[in-house]
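This briefing concerns one protein structure. The sequence and coordinates should be viewed alongside the notes that follow.

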Amino acid sequence: MMKFGKVVVKHRIPILIIAAILMIPSIFGMASTRINYDMLNYLPEDMDTVIGQNELLDDFGKGAFSFVILEDMSIKDVSALKAKIEKVEHVETVLWYDSMLDISIPMELLPEKVYDAFNSENSTMMAIFFNTSTSSDDTMDAIREIRSIAGEQCFVSGMSALVTDLKDLCEKEEPIYVAIAVILACIAMMVFMDSWLIPFIFLGSIGISILLNMGSNYFLGEISYITKALSAVLQLAVTMDYSIFLWHSYNEQRSRYSDHKEAMATAINETLIAVIGSSMTTVAGFIALCFMSFTLGKDLGIVMAKGVLLGVLGCVTILPSIIILMDGPLQKTKHKPLIPSMDKLAHKVTKVFPVFLVIFAVLIAPAYYGYSKTNKEVYYDMGESLPEDMKYVIANSKLSEDFNIASTHMLLVDSNLPDKSVKAMIKNMEGVEGVKYVLGLKSVLGSRVPEEILPESLTSALKSNQWELYLVNSEYKVASGEVNEQIDKMNKILKEYDKNGMLIGEAPCMKDMIETTDRDFKVVNAVSIIAIFIIIALVEKSFTLPFILVAVIELAIFINLGLPYYFNQSLPFIAPICISTIQLGATVDYAILMTTRYKAERHNGCDKHDAITTALAASIPSIIVSAMGLFAATFGVAVYSDIDIISSMCMLMARGAIISMLCVIFILPSAFMLLDRFICATSMGFKPER
């Protein structure tokens with residue numbers, strides 16, 4: 001290993017030149033990586049709802065769907081606006097009153113159900129189909145153009161409007177909350193570390209690793225907006241630990257060696273050995289997300305695991321190269337650490353360790369109860385996480401208030417199904433609680449009107465050689481228990497008449513997402529715990545230590561994810577899945593740091609009390625700096641962001657860092673005090689060599 005450190009020190013200038021050169025394609029790669037804002041895109045491809053959406057696009061040329069509400073406009077003006085909207089690129093079909101009858105014919109002649117579907121007291125409504133998918137850039141551009149054409153009297157609802165507004169908000173917020181994370185992390189390090197300059201060196205080195213990670217996402221094709229929003233902040237916070245390890249080791253070696261280059265070579269080797277086990281647990285935590293069938297987990301897991309590996313590589317190559325070049329200014333700007341000696345605190349903790357074991361035992365039941373309740377009371381409707389003054393949110397409120405429509409489903413029915421069967425199916429479906437009406441050719445025509453009298457543009461929009469399309473408007477909100485029950489009943493009716501028919505749309509897709517992520521949560525939790533358990537067992541060469549370390553961190557996770565239940569807070573569905581894994585992977589480092597020192601002290605011949613006290617006193621400053629860095633980087637974003645899914649996850653990470661820090665400082669050494677004899681008997685390297 002010593003050779004590696006010497007190679008890095010010798011080639012420090014070429015390393016920095018290579019890093020600078022690699023930043024150029026990384027900037028282009030980051031700019032060229034598409035960002036996906038549609039959560040439904042991450043559903044497994046073999047689901048009926050996903051197959052149905054693809055079939056709708058392939059057979060009808062229809063992908064995205066939106067309702068447009070128009071207030072206080074004359075029929076003539078609405079008709080003129082409809083003609084303009086039809087000319088917008090990627091708008092495939094616009095359905096309104098004049099799609100069925102000439103505007104010279106009174107609208108009241110329409111069947112009552114059809115009239116009520118498109119009209120309220122002061123508003124009228126159009127249904128718009130696009131020939132591109134829900135979250136494609138072309139659809140979002142079309143949404144923006146429709147809004148600009150129609151002006152303030154136009155309100156566009158639907159998933160495409162949601163992702164358009166979400167994209168605009170993310171692009172506005174991202175530069176600000178990255179800046180907040182950097183500034184607050186920098187302040188935290190300046191306060192808690194022993195140099196005014198070193199935080200800026202850390203941020204420069206980590207910034208290069210983040211840029212390389214974001215640039216290499218180009219090869220993934222696209223990443224989700226959640227991944228983009230969290231990865232830079234999370235990579236900054238997680239890989240900060242490794243930079244702190246190197247700096248502490250370098251200062252220690254500098255007091256031993258007269259040549260600072262030789263000191264750095266030794267520090268690099270010691271840091272590399274120390275962070276291998278630590279980074280492996282973090283990477284394992286993120287890789288566990290890849291086992292989700294809801295592929296957002298894979299998206300986040302790959303990017304974050306890649307980020308940690310690049311962070312480790314940067315820590316032992318780029319960072320030491322910069323420190324050597326800046327050694328003079330770094331030495332001149334050193335100051336006395338503000339964190340005092342932790343010897344007294346360590347002695348007190350080990351002296352009264354039974355108290356903390358009792359606290360551990362008392363906390364387990366309420367923490368786990370809150371944790372289990374939080375997981376069941378999450379929300380899935382991403383519209384709930386957006387500001388109330390957003391255009392999409394306003395449009396959805398108008399749709400609900402003026403037309404009593406909370407969600408819209410689409411039916412694909414065999415076009416050769418007899419009229420009698422179709423009409424019977426429609427009647428049964430309209431009898432399902434919460435279904436306002438089913439709109440399609442058969443419901444428009446009535447019983448005695450031939451299909452031939454309808455405009456060809458209307459029939460071709462609703463019927464192909466293979467399928468006939470129907471719109472089902474529901475009074476129930478997307479992702480609610482009521483709409484999910486409604487979907488089950490409608491699917492049962494559909495299969496009675498057409499076993500190959502499909503019920504698709506936002507609400508059915510969301511129902512699939514609920515069922516998928518519920519399974520994923522259990523799988524990811526199990527995989528992450530097992531993977532980290534095995535890594536700790538191999539790194540520490542112990543049978544018992546993995547149980548103890550994982551138990552302490554899991555308690556911290558239970559407390560963190562249990563608090564929302566007691567605070568009566570609802571979390572976005574993805575938060576508990578990701579946070580449990582992220583917190584386990586990111587903060588188990590604290591436990592490994594203390595355990596490694598405890599092991600070394602026991603191996604050197606110290607008794608139980610002295611070994612644990614020394615390990616605790618030595619580890620507390622590093623744990624505090626690391627936890628406060630993670631807290632600072634995420635707390636500011638949580639407070640600032642208007643996107644609840646980003647804000648919630650950052651707040652959970654910030655709070656989780658503090659809770660994990662307290663558990664490791666107070667409960668872990670208490671467990672060591674209780675189980676020391678058992679640990680020494682079931683672990684290698686604890687007993688002194690004879």
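In which helix does Phe 635 lie? Phe 635 is found in helix H24. The structure discussed here is a predicted model, and the points below take up this residue, then two pockets, and then the strands.

**Phe 635 and its surroundings**

- With a relative accessible area of 33%, Phe 635 is classed as partly exposed, because this value falls between the 20% limit for buried residues and the 50% limit for exposed ones.
- Once neighbours within four places in sequence are set aside, Phe 635 is in contact with Met 651 and Ala 654.
- Val 355 is separated from Phe 635 by 280 residues in sequence, and their C-alpha atoms are 31 Å apart in space.

**The largest pocket**

- The largest pocket encloses about 1200 Å³ of space.
- Its lining is made up of 33 residues, and those nearest the centre of the pocket are Phe 245, Glu 252, Leu 593, Arg 597 and Ser 622.
- Two or more lining residues come from each of helix H9 (225-254), helix H10 (260-288), helix H21 (506-540), helix H23 (574-603) and helix H24 (608-640).
- Helix H24, which contributes to this lining, is also the helix that holds Phe 635.
- In chemical class, the lining of the largest pocket comprises 17 nonpolar, nine polar and seven charged residues.

**The second largest pocket**

- A volume of about 950 Å³ is found for the second largest pocket.
- The second largest pocket has 39 lining residues, with Leu 40, Gly 158, Met 159, Gly 505 and Glu 506 nearest its centre.
- At least two residues of this lining are supplied by each of helix H3 (48-60), strand E2 (65-71), helix H16 (391-403), strand E7 (407-414) and H21.
- Among these elements, H16 gives the most to the lining, namely six residues.
- The lining of the second largest pocket divides into 16 nonpolar, 17 polar and six charged residues.
- H21 gives residues to the lining of the largest pocket and also to that of the second largest pocket.

**Strand E9 and its partners**

- Strand E9 (residues 467-474) is mostly covered, with eight of its eight residues buried.
- One side of E9 carries Trp 467, Leu 469, Leu 471 and Asn 473, the other carries Glu 468, Tyr 470, Val 472 and Ser 474, and both faces are covered.
- E9 pairs with E7 in the antiparallel sense over eight bridges, and Leu 411 stands opposite Tyr 470 of E9.
- Strand E8 (residues 435-439) also pairs with E9 in the antiparallel sense, here over four bridges, and Tyr 437 stands opposite Asn 473 of E9.
- E7, a partner of E9, is also one of the elements that line the second largest pocket.

**The four-stranded sheet**

- Four strands form an open sheet in the order E3-E4-E2-E5, with antiparallel pairing.
- Strand E3 (91-95) and strand E5 (154-156) occupy the edges and have a single partner strand each, so one side of each is left without a neighbour in the sheet.
- From one strand to the next, the twist averages 25°.
- Seven bridges join E2 and strand E4 (residues 123-130) in the antiparallel sense, and Phe 65 stands opposite Phe 129 in E4.
- E2, a member of this sheet, also supplies residues to the lining of the second largest pocket.

Conventions:
Residues are numbered from 1 along each chain as its sequence is written. This is a predicted model: local features need pLDDT of at least 70, side-chain atom pairs count only at pLDDT 80 or more; totals for chains, interfaces and linings use all residues. Side-chain values use heavy atoms; hydrogens and water are left out. On a 1 Å grid over the protein atoms alone, a cavity is a set of points where a 1.4 Å probe fits but cannot get out, and a pocket is an open set with protein on both sides within 12 Å along at least five of seven lines; lining residues have an atom within 4 Å of a point. Grid points are joined across faces, edges and corners, and a volume is the space filled by probe spheres set on the points. Ala, Val, Leu, Ile, Met, Phe, Trp, Tyr, Cys and Pro count as nonpolar, Asp, Glu, Lys and Arg as charged, and the others, Gly among them, as polar. Buried means under 20% relative accessible area, exposed over 50%, partly exposed in between (1.4 Å probe, protein chains only). Two strands pair if DSSP finds at least two bridges between them. Axes are lines fitted to C-alpha atoms, for helices over the stretch in contact, and angles run from 0 to 180 degrees between N-to-C directions. Contact means heavy atoms within 4.5 Å.
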